[in-house]
Amino acid sequence: MTLTYDWWLLAPVLVPGVGALLVLVVDAIAPRLGRVHWALTAGLLLVGAATVIPGLLPSADNPRRTLCLSDGSCLYAVDHVGAGLQFTALVSAAVIVLLALPIRVPTERAPVQAALLLTATAGASGVVAARDLTSWLVTLELATVPTVALVALRARRSATDGALSLLTTSLVSFAITAMGAALWFAATGTVQLGGDAVLAASHDADSRRILALAVVFIVAGVGFKLSLVPFHAWTPEAFGGASVPIGGFLAVTSKVAALGALLVIFRGVSVLGTSALAAIGVLAAISMTVGNVMALREQQALRFLAWSTISQAGWVVLPLAAVSSHAVRAAAGYLVVYALATLVAFAVVTALAHSDGRNHATRLASYGGLLRRRPLLGVTLALALLALMGLPPAVVGLVAKVLALGPVAGGRLWPLAIVAAVNAMLGVAVYLRWLRILFGAPTDPGTHDRLHPVHLAVVAIGLAALVVTSIAPQLLLGLVGR
Amino acid sequence: MIHPVLPMLLVGILFGVGLYGVLARRNAVLVLIGVELMLAAAGLLFVTVGSLTADPLRAGQSMTVFIITIAAAEIAVALAVILAVFRARGNIDVSQRGSDD
Amino acid sequence: MPSASRLDTQSLALDLVLQPSHLVVLLPAAVSVLILVLTRRSARGAFVIAAIGGLLGLLAAAALLAQQARGGAVADPRTIGELKVGPALAVPLRLQVDRLMVLVAVAVALVSLVVQVFARWYLYSDPRYRQFAATVGLFTAAMQLVVLSGDVLLILVGWELMGWCSYLLIGHESERAKARRASYKAFLVTRIADAPFAIGLAVLALGARSTSIPQIVQHWQSAAADHGTALTAALLCVICAVAGKSAQVPFQDWLPDAMEGPTPASALIHAATMVAAGTVVLAKLVALLELSGTARVVLTIVASVSMVGAAVLAFCQHDLKRLLAWSTVSQVGLMLLGLAVLPVREPADLGISHLLSHAMFKALLFLLIGWLSVLVGGTIVERQSGALSKHLAVRWLVGIGLLALAGVPPLVGFVSKDLIVDEAARRGVDGDVSARIAFVALVCVVALTAAYTTRMWLILVHRTGRQRVVVREAVEDSYDIRDVGIVEMLAGSPQVDVHGRPLRRDEPMPPVVDDDDDGPLPEPQPGAGARTGLQLLAILSIVGGALIFSPMLEVDWENANLWLIGASLVLMAAVALLVRLMSIGTVYGDAAARLPLPLRSSASRGFDVDAGYVGLVARPVVALARGVARLEGGLDRGVQALPALVTRVAGAGFRLHTRRPTSGLVAVALGVVLVGLMGVIWW
Amino acid sequence: MTTYDVLFTLAGAISTGAAVLAVSTKHLVHSALWLVVALASLSGCYLVLGAEFVALVQLLVYVGAIVVLVLFALMLTRAPIGRSRDHDTPLPQRAAALVVGAATAALLSAVLISAFGNDAITVRGGSTHVLASQIFGTWVWPFELLSALLLIALVAALALSRMPIGRRDDSEADAR
Amino acid sequence: MVAALLAAPLAPIVAGLALVAGDRVPRAVSRHTAYAVSLAATLISLLAAALIAYDRPSLNRPWVPEVGMRLHLAVDGISVPLLLMTAAVGVLVVIHARHEQPGGGTPGTFFGCLLLVIGGGIATFLVQDAISFFLAFEVVLVPMWVLINRFGDPKDASERARAAATFVLYTVLGSTLMLVGILTMVFASGTADLATLARHPLPAGQQTVVAAILLIGLAIKVPIWPLHSWLPRAHTIAPTAGSMLLAAVLLKMGTYGIVRLVIAPLPAGVERLAPYVATCAVIGIVWGGLVCLVERSLKRLIAWSSVAHMGFVVLGLMSGTAIGLQAALFANIAHGVVSALLFAVVGGLKHRWGGDDLSVARRALRDVSPRLSLALVIGLAASLGLPGLAGFWGEVLAIFGAWNPGGDRSTGWFRLLAAVAAVGAVLAAAYALRVLRIVWMGDADGGRPLPPSPESDARGGELVVVTVLGAATVVLGVLPIILLNTTSGAVDHLMAVVGR
């Protein structure tokens with residue numbers, strides 16, 4: 001069997017993947033380099049992101065394929081949405097790396113963490129483009145397994161507890177996903193996710209039933225990674241335990257991988273044109289509601305962000321409840337906006353944790369008067385929260401809400417739309433809690449170091465990004481095609 | 001010639017037993033054992049389907065091999081984490097509350 | 001805008017943007033605006049503006065009259081332009097100048113001017129004189145708008161504005177709780193009656209697809225057969241509003257309470273503006289009244305009951321100002337009867353002629369009682385008893401007013417009243433039900449009017465009463481009879497013998513402050529202008545009846561039933577004699593003193609209708625409001641409980657979220673089952 | 001009933017029994033050993049189905065490597081050797097787990113069996129050579145990624161095992 | 001001219017953002033700077049609005065194609081009055097805010113938030129694109145939340161937080177529902193342009209559902225009973241300037257949205273739902289009136305009267321006739337002017353009295369502060385629908401409109417509603433006079449009126465504000481034709497599109 005290879009197309013996976021190896025090799029040659037590894041990692045990720053750029057251009061083929069078999073079916077394809085997601089994954093990982101850079105860790109641990117991050121990003125970037133179950137499953141795990149280790153590597157009891165929670169859920173989910181993949185194979189007789197076999201399978205009642213079960217299992221399995229309720233229980237534990245940038249990684253890059261994985265399956269099923277994924281709507285509704293309700297009482301900033309991630313995950317998959325051509329783009333577009341806002345929020349938390357100490361960044365109460373104490377951090381965080389709740393002046397968040405609700409309204413899924421509207425309200429209540437604290441009376445932290453310049457730069461860039469995209473949201477939404 | 005009933009039955013049973021094991025055990029390692037059983041079920045289904053249908057690309061068997069390998073990788077990380085948990089708190093009970101900083 | 005104005009000397013027709021009819025409305029309105037804008041503290045400045053404005057208004061009305069007499073008046077001058085509210089309704093907002101209304105406009109302008117001039121004297125030291133004068137100006141403008149309006153929406157505008165001005169005037173002395181309550185009551189009662197008015201006008205206008213009165217009349221006349229029920233309903237709505245504004249049953253009770261306002265305000269409200277507005281509006285729609293028998297009968301009954309009942313109450317009043325107020329209710333009823341018994345397809349001359357005559361003598365009487373109250377310090381019987389025997393200056397004027405009110409020939413009251421009686425009798429003989437009802441009521445009223453005017457006269461000229469009034473401390477215009485009650489009032493006032501001497505001689509005499517120390521002070525009297533105005537009103541009360549001979553009024557005076565006139569004169573004389581006999585031997589020359597005390601007490605309270613208002617409307621509404629407020633509180637609490645509920649749910653969520661990995665696994669398993677179920681169900 | 005059926009039934013029955021014991025025994029170590037039996041007999045099933053290579057891998061990787069790892073882990077975590085009730089979740093949860101497990105098993109089996117019917121089908125195992133060429137031909141991309149996964153998993157496991165667990169009030173890494 | 005289209009909303013928004021963002025860097029903006037910037041921005045905006053109203057320019061550019069948003073700014077007869085009123089009230093609010101700046105935060109933030117609300121309001125009335133409309137709708141939320149939460153009644157922090165949260169959450173729920181409806185229409189017709197939407201109505205069957213969702217969403221903003229409970233709370237707590245904006249700008253967005261998004265594109269759905277919505281509106285009229293009869297807090301009372309007045313607006317809108325629509329548009333503007341006036345006066349009173357409890361005996365306002373009392377009298381008289389003032393025409397025409405409803409609406413039911421609405425007008429009189437009796441006439445009995453004390457009367461900025469608003473009230477009442485003729489063309493066009 002011969003395959004075609006388009007190395008440029010594979011580069012977003014290969015660069016971080018080979019980069020991981022490179023980091024390990026560099027560490028073997030010259031140990032204890034510390035931050036150099038992080039810088040190298042960031043560079044590698046940005047290079048990877050740069051290789052995606054041709055695919056982002058409107059002129060690019062849609063989709064671009066490689067690893068094609070002789071019968072014309074391909075194992076790897078990147079369309080506009082895929083390219084956008086790959087770009088998001090790589091850039092977000094680079095930002096995470098930059099955030100992690102100033103943090104002091106034992107020097108022998110840094111290259112490992114960097115390698116893990118790179119591998120997970122490679123997985124995230126690969127799963128988006130996978131067009132067969134084999135690569136899909138492998139890349140999904142490639143994106144998942146390192147995160148467990150990353151969480152645990154903070155080397156605190158809470159971190160290992162979070163890692164354990166993440167580990168058990170991920171293992172079970174993997175088993176469920178594998179069973180789903182097997183069922184898919186049983187139903188269609190092929191591991192390729194192209195539409196024809198699915199269409200053929202759907203004509204036969206028996207295989208149709210298996211296919212349904214397959215989709216159910218796969219959704220359940222990917223639901224874990226997306227933190228959809230009820231597969232979400234690990235999220236607050238892992239976020240609360242992991243170091244702050246890694247929490248950001250879980251919240252952003254990992255979500256990109258998860259949505260990419262789901263979209264791959266969704267594309268395969270959407271040819272059926274039925275209410276194939278109606279269950280996703282229900283999961284989305286439950287996730288939003290549970291996430292918001294729980295966040296209303298959460299006192300820990302990181303766990304709060306975890307609950308927020310859960311509810312936002314509901315918004316991300318909400319458009320998928322309506323099987324339409326807009327749905328994929330809508331979900332991806334929402335995810336990109338969510339990624340930006342969450343990344344900025346995590347950047348602020350990281351910066352604060354680094355300068356004031358983690359204790360002064362994990363409790364919500366410790367953000368009192370941040371707008372007055374540290375105007376830059378305060379304004380940035382406020383804007384990020386506004387983007388997450390979808391209210392101006394963070395127009396970009398509002399546009400994202402419009403995008404996410406569009407297919408639902410277009411598909412006339414009224415109950416879902418109404419639940420979403422209620423959750424838009426709950427979401428505002430959730431983030432207003434934090435916003436009120438930002439506005440409120442200042443709490444004086446014990447230490448008050450200056451911000452690390454890298455953090456300062458990341459936060460400033462984040463603020464600029466939010467402002468710019470609020471004026472011109474199309475810059476961000478254009479990432480996932482139009 | 002084989003009746004597909006038998007492997008399919010085994011697939012179901014193994015998956016169900018594995019799921020039971022995951023839910024019924026408190027020791028993290030035993031949970032892992034349940035997961036292995038579930039994965040075995042998935043692998044068996046791949047192999048069965050691959051053997052019973054025309055599978056020019058040998059996807060069924062390849063998939064099973066991959067799943068076994070992934071499982072091995074996961075087990076390695078999982079056991080490392082479990083050991084870390086044990087070092088951190090002295091047990092590996094998955095029904096114990098997580099702790100805060 | 002035409003730059004050159006032309007004056008057609010023959011018909012006095014003016015080709016101007018502003019017609020005299022506009023000026024009639026705008027000048028009084030300008031008075032109020034100018035007073036508020038131009039004067040800061042100066043009462044004199046306000047008076048100058050008010051007087052000049054009033055005079056100009058009167059001149060404008062007179063010019064309009066002259067134009068009308070020569071046939072040169074613009075019949076439907078436009079105002080602010082047509083309102084565009086879609087094809088279903090034309091809203092031209094034009095005025096309508098016709099013969100009757102021009103007369104009314106003149107009367108209104110005249111009364112208003114006299115009131116303005118008189119008020120300057122009456123309210124000389126009042127710090128709120130400016131507001132008073134401004135309000136009177138606005139009031140006049142509103143009335144003139146109603147009078148000259150050719151559009152139901154304009155009528156509504158003037159109508160409601162008058163209600164508002166009456167509110168301001170009655171509540172003028174808002175330091176007194178009674179004034180506050182009375183103004184509140186007056187506005188609310190009339191406003192309640194107005195609620196159907198808007199509906200009725202809507203029915204009329206939407207049916208005719210225009211708010212123009214001529215078109216409405218034309219439409220409904222042409223299609224009356226088709227719209228019988230609608231027309232009746234609309235007219236009943238209008239009658240309801242008229243009853244409210246004109247203080248007819250069952251809305252009558254606000255008017256006596258309105259005596260809390262300063263006397264000039266009462267003169268304005270009673271004589272020319274507010275209460276007469278109902279007559280004006282019905283006169284405009286009288287052609288429709290003919291088409292609906294039901295509405296006519298209802299109007300007749302309402303007017304008759306009000307007329308007779310008010311006359312009875314007038315006789316029993318302890319306060320002479322309230323006596324006049326009740327007499328107004330009675331007289332307005334008479335006007336309305338004049339409309340109800342009108343000959344078929346005739347203009348509303350009967351009602352309007354009585355409106356005009358009533359405007360003259362009632363304005364006169366009210367202003368005089370105001371003068372008298374200044375002289376003797378109050379309007380209750382005890383104060384007023386014998387007032388005229390000392391203050392002779394007003395004697396003749398009062399006499400003329402009362403004679404006109406009683407309807408003694410040849411005064412104006414006689415002429416207009418007799419025409420109505422005549423017509424009622426004629427149509428009653430023809431078999432018209434409402435005319436028969438009206439005739440019976442009219443006979444009663446002729447007698448009762450004679451009775452209460454005689455009573456009032458006898459009190460005022462009582463010879464012994466004045467001497468025993470020794471206490472000169474400030475007394476309010478009127479007691480709150482509803483609150484105090486006549487029994488307490490009588491008990492509280494000093495006891496005197498038949499000759500008016502105090503009974504208890506042993507008590508020290510309160511110091512007499514008026515004329516012992518400084519010699520005789522000049523008696524307070526209005527300025528020359530006000531006196532002239534009063535005299536003018538008196539003259540008009542005497543000779544105004546001659547108006548029926550002019551072409552401006554088309555009444556059938558040639559076929560007067562002389563027998564009927566004679567009979568009514570005899571009746572009046574007999575009643576007057578009876579009243580005189582009753583008054584002999586009473587302390588204050590009060591014939592009503594012979595009536596049982598509970599009756600008088602109750603009558604002074606208007607038969608406690610107020611309690612009915614409170615019990616039937618105010619209390620239930622307030623109770624309802626409390627209920628609604630409670631419901632609202634519940635709703636609000638419900639809404640506000642939602643956050644608590646969500647927090648509780650979140651608490652439950654935190655209990656479910658045990659933070660144990662195994663419970664996460666259970667959740668995953670449940671999720672698989674859930675998703676599986678949905679997949680099975682929906683696939 | 002073909003020979004394949006008999007052989008498969010045999011292996012499957014052993015596998016089933018061993019699996020049930022693995023998840024229900026009160027001995028920790030027994031549990032791991034029963035897993036060995038279950039997976040080993042499962043490789044027998046693979047053999048019956050004509051997948052020799054998979055069966056071999058199953059034996060090598062699972063029985064040879066994973067279970068050993070598991071046993072080591074059990075020993076390192078000082079697992080009690082004797083019977084113990086501490087390994088199981090409370091009875092209600094186990095009952096629920098039983099229901100869920102049984103229901104899932106029933107659902108899966110039912111759906112699969114109804115789809116594949118009860119007609120005997122020829123087993124097309126195919127040679128290992130073909131499999132090898134497919135794995136290194138068609139599936140080379142996931143295969144290479146898998147190698148990366150294995151590598152990084154090992155590195156992670158190494159790093160985790162060498163990692164000292166800090167205390168809560170450890171100020172050194174406070175900032176994270 | 002296109003510059004004017006951009007300047008009208010952007011001048012306040014940019015200035016507002018600058019004030020809020022620049023508030024801390026490097027130190028707080030001084031009160032004078034904040035005031036000067038705000039006044040300049042609002043004046044520019046008012047000038048631009050006047051130019052727009054005169055010249056009626058149009059701007060149409062793509063903006064965010066991903067969600068179908070275009071930068072399409074234009075006006076027609078329906079939006080011009082609202083635009084001008086918003087811009088004018090904006091200037092007045094800024095002037096008033098200088099006069100009465102509450103504590104709780106810096107002047108920069110206060111003025112900035114005011115400007116943002118004003119800019120959002122102006123943008124709402126300018127955009128011709130349904131999704132941008134939603135965006136402009138949402139712009140006002142956060143600044144308003146800040147205004148209530150930080151600058152509200154300083155006495156009760158928890159009540160402030162609660163009122164602010166209730167306001168924001170209610171409104172977000174409503175606007176998100178509205179968004180759902182908008183998106184449905186946009187998906188069905190493939191465009192978000194308001195005019196195009198109106199030309200391509202959905203199939204009749206779907207119109208009802210979409211109209212229901214939109215109406216529920218917009219009903220919260222208007223607000224229509226029973227979705228009103230955020231309003232009294234927010235008004236009671238909000239600072240005076242905030243209350244004025246809330247009443248004059250924010251509520252208008254709801255009714256404007258009903259006209260643009262519901263009545264024009266969904267005639268069949270509206271016809272189906274009109275009886276229910278109109279019933280709720282009339283219940284609101286009576287409900288608000290009744291609550292006002294027993295309400296003790298003056299500010300809350302005025303807020304309740306808003307509920308009643310907006311009921312008239314909605315009744316007119318639901319009647320489906322040109323009369324009703326004209327009435328509603330008129331009443332909309334009238335309510336904006338009158339309630340802004342009343343809130344300015346009542347806010348001033350609350351400020352002077354240190355509370356707004358009506359059960360506290362006070363001296364007659366007509367004696368204490370004549371100018372303020374005149375403004376109060378004008379406001380309340382307009383509020384009870386006195387002719388010659390702004391409130392009259394809208395209410396009476398709404399009753400006229402409801403008497404002969406358009407389309408297949410049940411005539412009998414609407415007539416009943418019109419009758420009840422007329423009774424509601426009586427209630428308005430009752431509560432307005434109740435307030436006058438207590439506040440204006442004073443409930444301390446006896447004595448002669450005292451000479452006014454000048455320091456307690458309206459002066460400076462406050463005097464300007466109440467004078468302008470009072471004059472506007474009178475002008476609108478005396479010359480309704482100004483407004484009715486402006487809107488009539490657009491209304492006729494709309495009625496032609498709707499089909500009757």
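In chain C, pLDDT stays under 50 over residues 1-5, a stretch for which the model has six contacts beyond four places in sequence. The structure described here is a predicted model, and confidence is therefore reported first, since pLDDT is the predictor's confidence in each residue. A second stretch of chain C, residues 465-520, also has pLDDT under 50 throughout, and for this stretch the model has 72 contacts beyond four places in sequence. Taken over the whole of chain C, the mean pLDDT is 82, and 88% of the residues reach 70 or more.

The domain assignment divides chain C into domain 1, formed by residues 296-470 + 526-604, and domain 2, formed by residues 613-645 + 658-682. The centres of domain 1 and domain 2 of chain C, taken over C-alpha atoms, are separated by 68 Å. Between helices α26 (609-656) and α27 (661-682) of chain C runs a loop that contains Arg659(C). The phi of Arg659(C) is near 65°, a positive value in a residue other than glycine. Most residues other than glycine have a negative phi. Arg659(C) counts as buried because it has 20 C-beta neighbours inside 10 Å, and 20 is the number at which a residue is called buried.

Chain A offers further backbone features, two of which fall in one loop. Ser227(A) lies in the loop between α8 and α9 of chain A, and Pro230(A) is found in the loop between α8 (205-226) and α9 (234-241) of that chain. Although Ser227(A) is not a glycine, its phi is positive, at about 60°. The surroundings of Ser227(A) contain 31 other C-beta atoms within 10 Å, and Ser227(A) is therefore buried. The peptide bond that leads from Val229(A) to Pro230(A) is cis, with omega near 5°. Another cis peptide bond joins Pro392(A) to Pro393(A), with omega near 10°, and Pro393(A) is placed in the loop between α17 (375-389) and α18 (395-410) of chain A. As a point of reference, most peptide bonds are trans.

Chain E was examined for its overall form. The secondary structure of chain E comes to 20 helices and two strands, and the C-alpha atoms of the chain fill a box of roughly 70 × 60 × 40 Å along the principal axes. For a compact globule of 500 residues, a radius of gyration near 23 Å would be expected, and the 21 Å found for chain E agrees with this expectation. Of the 500 residues in chain E, 71% are buried. Among the contacts in chain E with a separation of 6 or more, 82% are accounted for by residues 24 or more positions apart.

Chain E also touches chain A, with 29 residues of chain E in contact with 33 residues of chain A. On the side of chain E that touches chain A, at least two residues are supplied by each of the helices α1 (2-21), α5 (130-139), α6 (141-151) and α7 (157-189) of chain E. The largest share of this side, 13 residues, comes from α7(E). By class, the residues of the side of chain E that touches chain A divide into 23 nonpolar, two polar and four charged.

Chains B and D form another interface, in which 65 residues of chain B are in contact with 85 residues of chain D. Two or more residues of the side of chain B that touches chain D are given by each of α1 (5-24), α2 (28-52) and α3 (59-89) of chain B. The largest share of that side, 22 residues, comes from α3(B). The side of chain B that touches chain D has 46 nonpolar, 13 polar and six charged residues.

For chain D, the domain assignment gives domain 1 (1-84 + 108-126) and domain 2 (127-163), and the centres of domain 1 and domain 2 of chain D, taken over C-alpha atoms, lie 23 Å apart. Helix α2 of chain D, residues 28-48, has 21 residues and should span 30 Å at 1.5 Å a residue, and the distance of 31 Å between its end C-alpha atoms agrees with that value. The helix α2(D) is mostly covered, with 15 of its 21 residues buried. Following α2(D) is Gly50(D), whose phi is positive, near 85°.

Technical notes
Residues numbered from 1 in each chain as written. Chains lettered and ligands numbered in written order. Predicted model: local features only at pLDDT ≥ 70, side-chain atom pairs only at ≥ 80, totals over all residues. Helix = DSSP H or I, 4+ residues; strand = E, 2+ residues; numbered from the N terminus. Expected span 1.5 Å × (residues − 1). Buried ≥ 20, exposed ≤ 12 C-beta atoms within 10 Å, placed from the backbone. Contact = placed C-beta atoms within 7 Å. Nonpolar A, V, L, I, M, F, W, Y, C, P; charged D, E, K, R; others polar. pLDDT = per-residue confidence, 0-100. Domains from an automatic or database assignment. Rg over C-alpha atoms; globule rule 2.2 N^0.38 Å.
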